[in-house]
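Dear colleague,

Please find below the structure that I am handing over to you, together with its sequence. My notes on what was found in it follow directly after.

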Amino acid sequence: MVYVRGNPDDYNRWAAQGNPGWSYEEVLPYFLKSEDANIPLSDPNYHGTGGYQSTESFYTTELGNAFIQAGQELGYPLTDYNSPQQIGFSPFQATTRFGRRASTATSFLQPVLNRENLDVLTGARVTRILIDPHTNRAYGVEYNRNDKKMTVRANKEVILCAGALQSPHLLMLSGVGPKEQLVKHGIKTLQDLPVGQTLYDHVAVFNFVFSTNVSMPSLPDLFNYDELLRWYKTGQGPLSAPISSEAVAFLKSNHPNPLDGTSPDFEIVFVRQSLISDNGAVGRRILRIKQEYYQKMYGPLEGMPSISMIPILLHPKSVGCMKLKSADPYDDPLFYANYFSDPENYDIRIMIEAIRFMLRLTETEAFRKYDIRLISDPVLGCEHLEYNSDEYWYCALQFLAGSAYHQTSTCKMGPKHDEKAVVNHELKVYGVGNLRVIDNSVIPVTLAAHTNAPAILIGEVGSDMVKKDWGVL
Ligand SMILES: Cc1cc2nc3c(=O)[nH]c(=O)nc-3n(C[C@H](O)[C@H](O)[C@H](O)COP(=O)(O)OP(=O)(O)OC[C@H]3O[C@@H](n4cnc5c(N)ncnc54)[C@H](O)[C@@H]3O)c2cc1C
């Protein structure tokens with residue numbers, strides 16, 4: 001539910017790579033079009049009202065405000081990160097309405113479900129795009145529903161929007177992908193394309209635990225009559241702030257930035273709870289920390305009031321990829337994230353700087369007032385290394401880092417001469433007629449965003465392209 005669009009520079013790089021129509025100036029009207037903003041601390045020039053997608057501010061406690069003050073003490077502005085001034089500290093903006101989740105399904109789809117020209121099939125799993133091998137044109141999809149194999153035919157075109165993990169899978173199953181992989185799994189190659197050859201993700205550390213002298217109620221404690229009534233009647237209060245994220249900082253490191261623009265290269269998320277707040281009941285399992293490791297590393301901290309901060313790398317140089325496991329559509333494909341694999345160690349150096357920045361925050365007046373200190377250290381497995389040395393953090397990141405679930409670029413958009421491009425700037429698959437991809441797999445470059453807002457943008461721009469092509473715009 002976190003709503004972050006990314007930096008103007010990011011979108012200008014889409015356009016500069018040979019994708020007309022995708023510069024910041026061109027995409028901003030689409031962000032404004034979809035939004036129905038109710039965000040007091042925001043720049044009205046960069047927010048829309050009356051659109052399908054409601055956005056609001058997250059609830060912030062005194063601790064979240066202290067995080068923002070700590071940033072100001074270090075000289076950073078209180079900013080609206082969805083304006084061009086992304087660098088600074090801000091309360092989070094959320095895709096909620098009246099304190100309730102406003103997903104794209106409830107915001108965009110539900111209001112139009114009664115349209116006569118719309119059929120939505122749930123519980124239907126697409127297994128293949130149907131492409132005529134003589135003309136290389138898509139003419140429908142094959143899917144399974146209630147254990148029955150069905151097909152649906154397209155009058156005009158097929159639009160693939162199964163996301164950055166599944167769209168490339170479906171293309172490959174349908175004969176569109178790297179020839180060598182398709183041949184290996186006995187799939188006839190209809191179009192040799194670098195599907196799945198680019199995979200970006202944001203690597204993050206969710207399990208730094210910091211002390212505080214303020215005891216915040218844990219989520220189960222908040223499910224009491226008063227808080228539920230407050231949330232139900234006003235849409236306000238801590239129950240309106242999912243997973244207790246409150247505020248965020250977007251920052252630029254001191255390392256030479258290969259992008260060299262206004263886009264931040266790391267982010268710090270402030271959360272008013274931590275991994276130990278529920279004694280490892282839920283968070284530990286989500287983060288897949290083994291019980292034994294959790295007990296040794298975090299068990300002794302249980303019961304202490306705590307918060308966490310999450311550093312996130314925004315512009316990784318490390319590139320992952322996706323490969324087919326087999327030709328069976330129900331066999332999940334293989335993903336190789338390749339975090340921290342860039343030969344110059346750019347990614348790891350930025351992350352170490354992000355961690356040291358968090359430690360600097362703990363030295364500010366605003367944080368000292370709340371006795372905010374890192375307590376989940378030394379990291380188990382790295383005790384033999386000098387604390388706070390680069391080697392120590394390098395080791396710690398091997399244990400702690402994980403996915404922020406912001407995968408993109410597996411069907412990358414680009415001009416024809418781009419060796420990694422799968423779709424053109426109109427999102428049409430190269431070499432296959434009547435087939436478009438409209439989801440996060442087309443994103444051509446890394447983004448200083450959480451990837452829901454860009455997905456909404458791609459949907460807005462893509463739908464206008466479809467309408468224009470078929471003469472209804
Ligand atoms: C746990 C988690 C938390 C996140 N939190 C945030 C956040 O707070 N803010 C943010 O900005 N981003 C967040 N993200 C990322 C964000 O959800 C995604 O970037 C975004 O949803 C991508 O949109 P998409 O349309 O490209 O793909 P998706 O949202 O993945 O949509 C693809 C759809 O296709 C369907 N599909 C796939 N394969 C098939 C098939 N074979 N047949 C039929 N249907 C199929 C899927 O069920 C899905 O509904 C989070 C992601 C995760 C996993």
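**Cysteines**

Cys395 has a relative accessibility of 13% and therefore counts as buried. Please keep in mind that this is a predicted model. The partner of Cys395 is Cys382, to which a disulfide joins it with an S to S distance of 2.1 Å. The two cysteines belong to distant parts of the chain: Cys382 sits in the loop between α12 and α13, whereas Cys395 is in helix α13, and 13 residues separate them. Cys382 is likewise buried, at a relative accessible area of 0%. The angle about the S-S bond is -85 degrees, and the link of Cys382 and Cys395 is left-handed. The count of disulfides comes to one.

Why does Cys161 not bond to Cys411? The closest cysteine sulfur to that of Cys161 is the one in Cys411, and at 12 Å it is too far for a bond, since a disulfide requires the two sulfur atoms to be within 2.5 Å. Cys411 is in no disulfide, the nearest cysteine sulfur being that of Cys161, 12 Å away. The surroundings of these two residues may also be of use to you. Cys161 counts as exposed, with a relative accessibility of 53%, while Cys411 counts as buried, at 0%.

**Salt bridges**

A search of the whole structure gives 18 salt bridges. Three of them are described here.

One of these pairs is Arg356 with Asp390, whose side chains meet at 2.9 Å, N to O. This salt bridge links distant parts of the chain, with Arg356 in helix α11 (residues 346–361) and Asp390 in helix α13 (residues 390–400), 34 residues apart. Arg356 is partly exposed, its relative accessibility being 30%. Asp390 is also classed as partly exposed, at 41%.

A second pair lies within one helix. The side chains of Arg368 and Glu365 form a salt bridge with an N to O distance of 3.7 Å. Because Arg368 and Glu365 are three residues apart in helix α12 (residues 365–368), about one helical turn separates them. Both Arg368 and Glu365 are exposed.

The third pair is part of a wider arrangement. Lys428 and Glu426 form a salt bridge in which the closest N and O atoms are 3.6 Å apart. Through salt bridges that share partners, Glu157, Glu426, Lys428, Arg436 and Asp469 are joined into one network. Within this network, Lys428 is partly exposed, having a relative accessible area of 27%, and Glu426 is partly exposed as well, at 25% relative accessibility.

**The ligand and its surroundings**

Which residues are closest to the ligand? They are Met1, Val2, Val126, Thr451 and Asn452, out of 17 residues that surround the ligand. By type, the residues of this shell divide into nine nonpolar, six polar and two charged.

Several backbone atoms of the protein approach polar atoms of the ligand. A nitrogen atom of the ligand lies 2.8 Å from a backbone N or O atom of Val126. A polar backbone atom of Asn440 is 2.9 Å from an oxygen atom of the ligand. For His450, a backbone N or O atom lies 3.5 Å from an oxygen atom of the ligand.

On its own, the ligand has 1,000 Å² of accessible area, and the protein covers 55% of this. Three elements give two or more residues to the shell around the ligand: strand β7 (124–132), and helices α5 (163–173) and α14 (452–469).

**A contact between separate parts of the chain**

Lastly, I draw your attention to Ala102, which lies in the loop between β6 (100–101) and α4 (104–109). Is this residue, at 7% relative accessibility, buried or exposed? Ala102 counts as buried, because that value is under the 20% cut-off. Ala102 and Gln53 are 49 residues apart in sequence, yet their C-alpha atoms are 7.2 Å apart in space.

With kind regards

Methods: Residues are numbered from 1 along each chain as its sequence is written. This is a predicted model: local features need pLDDT of at least 70, side-chain atom pairs count only at pLDDT 80 or more; totals for chains, interfaces and linings use all residues. Side-chain values use heavy atoms; hydrogens and water are left out. A salt bridge is a side-chain nitrogen of Lys or Arg within 4 Å of a carboxyl oxygen of Asp or Glu. Helices (H or I, at least four residues) and strands (E, at least two) are DSSP runs, numbered from the N terminus. Buried means under 20% relative accessible area, exposed over 50%, partly exposed in between (1.4 Å probe, protein chains only). A residue is near a molecule or strand if one of its heavy atoms lies within 4 Å of it. A polar contact is a pair of N or O atoms within 3.5 Å; within protein, one must be able to donate a hydrogen and the other to accept it, and residues adjacent in sequence count only if both atoms are side-chain atoms. Accessible areas come from the Shrake-Rupley method with a 1.4 Å probe; for residues, only the protein chains shown count as cover. Ala, Val, Leu, Ile, Met, Phe, Trp, Tyr, Cys and Pro count as nonpolar, Asp, Glu, Lys and Arg as charged, and the others, Gly among them, as polar.
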